[in-house]
Amino acid sequence: MTAPRPAGNLPEPTRRRVRILGIDPGSRFTGFGVIDMQANHSTHISHGVIRVEGESLGERLGCIYARLEELIGEHRPDEGAIEQIFMHKNADSALKLGQARGTAVVAMARQGLPIFEYTANQVKQATVGRGHAAKQQVQHMVRVLLNLPEIPESDAGDALAVALCHGHSREGLLRMSGVSGIRGGRLQ
């Protein structure tokens, strides 16, 4: 007797649950969101905002790193997703955001997570269906897609949107290519 085959035409590895950590970096507030994806179904696990403490930049970056390390240890994600930086009018703000983002990338990399990057337009397209959607539309769709009782705080909602973007992009890539999975940020 042979084992039953999974329903549908998806390769077997896409049926496996994948836990995704999404991050919306910031030098004062860093949002995080954790979801599980299995095929096209997403499940909310956790979300929140790291309220960065410290007077100096080094202290603030250390706070981001330490808290993300704790979150990764607590939730054990399989993959990480982060929003790419867009150009700011204020160079000082862009530099601080870049440093916070770099700290988040290092925290994920040090824990062995494959890291995926998405533009703001890609995140909006994946959650709302339009690359230039308003922030309120993204927040509303995050609540709907994850069946949350209320709209999450802005930075946490953005992080959940990044995680959803990766989850949906990941599944689409697997389906189109017929690959067996993703390892180290590369299709296998």
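Two exercises with worked solutions follow.

The model is predicted: local features need pLDDT of at least 70, side-chain atom pairs count only at pLDDT 80 or more, and totals for chains, interfaces and linings use all residues. Residues are numbered from 1 along each chain as its sequence is written, and side-chain values use heavy atoms, with hydrogens and water left out.

**Exercise 1.** Determine whether threonine 103 is buried or exposed, and state which residues are in contact with threonine 103, leaving aside its neighbours within four places in sequence.

*Solution.*
1. Threonine 103 lies in helix H2, residues 91-110. Helices (H or I, at least four residues) and strands (E, at least two) are DSSP runs, numbered from the N terminus.
2. Buried means under 20% relative accessible area, exposed over 50%, and partly exposed in between (1.4 Å probe, protein chains only). Threonine 103 has 12% relative accessibility and therefore counts as buried.
3. With those neighbours set aside, threonine 103 is in contact (heavy atoms within 4.5 Å) with Leu61, Ile64 and Tyr65.

**Exercise 2.** Establish the order of the strands in the sheet and identify which strands stand at the edges.

*Solution.*
1. The open sheet has five strands in the order E3-E2-E1-E4-E5, with mixed pairing.
2. Strand E3 (41-51) and strand E5 (115-118) are at the edges; each has a single partner strand, so one side of each lacks a neighbour in the sheet.
3. Two strands pair if DSSP finds at least two bridges between them. Strand E4 (residues 79-83) pairs with E5 in the parallel sense over four bridges. Within this pairing, glycine 80 has isoleucine 115 in E5 as its bridge partner.
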